[in-house]
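Okay, thanks for squeezing me in. I'd like to talk through some aromatic side chains and then the core, so have a look at this one with me.

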Amino acid sequence: RLSLDELPNLFNVIKGDMRLVGPRPTSFSAQNYPDQGLVRLAVYPGMTGLWQISGRSQLNFEERVQLDLQYIENQSFWFDFKILLLTPIRVLEGRGAS
């Protein structure tokens, strides 16, 4: 519920395999993505992202892909900063956590 299982991903960030903010890595293969959603597979994954602050596990796969695409189109330092600020708030609220 508090997403403590995400802490090991800090090592992936330090190694350069992940970013703090970006589309979340998924176990879905490329065939599951709509054509326009394939772009999310070309960007570095992140520990947190737009769908983590927008509903977490309450969102279905298509909604997650759309939020990832929205993030990719609008990514900036300030957008990342906003997501990083809101992430602990959403985690502590516990809504959408499974």
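Let's start on helix α3, residues 77-93: Trp78 and Phe81 sit three residues apart there, so about one helical turn separates them. Helices here are DSSP runs of H or I with at least four residues, strands are runs of E with at least two, and both are numbered from the N terminus.

Before I go on, the small print. This is a predicted model, where local features need pLDDT of at least 70 and side-chain atom pairs count only at pLDDT 80 or more, while totals for chains, interfaces and linings use all residues. Numbering runs from 1 along each chain as its sequence is written, and side-chain values use heavy atoms, with hydrogens and water left out.

pLDDT is the predictor's confidence in each residue, from 0 to 100. The chain averages 82, with 80% of its residues at 70 or more. Of the chain's elements, strand β1 (residues 19-21) has the highest mean, 94, and α2 the lowest, 88.

Back to the rings. We call Phe, Tyr and Trp rings a pair if their centres lie within 6.5 Å, using the six-membered ring for Trp; planes under 30 degrees apart are stacked, over 60 edge-to-face, and the rest tilted. The structure has four such aromatic pairs. In one, Phe77 and Trp78 have ring centres 4.9 Å apart and planes at 80°, so that's edge-to-face. Trp78 with Phe81 is edge-to-face too, because the planes are at 85°, with centres 5.7 Å apart. Together, ring pairs link Phe77, Trp78 and Phe81 into a cluster.

Is Trp78 buried or exposed? On our scale, buried is under 20% relative accessible area, exposed over 50%, and partly exposed in between, with a 1.4 Å probe and protein chains only. Trp78 comes out exposed at 61%, Phe77 is exposed at 58%, and Phe81 is partly exposed at 37%.

Now the core, meaning buried Ala, Val, Leu, Ile, Met, Phe, Trp, Tyr and Cys residues joined through side-chain atoms within 4.5 Å. The largest nonpolar core has ten residues, including Trp51, Leu67 and Phe79. Helices α2 (61-74) and α3 each supply at least two of them, and α2 gives the most, with three.

Trp51 also has Arg64 over its face, 4.2 Å from the ring centre. For that we need Lys NZ or Arg CZ within 6 Å of the ring centre and within 35 degrees of the ring normal. Likewise, Arg19 lies over the face of Tyr44, at 3.6 Å.
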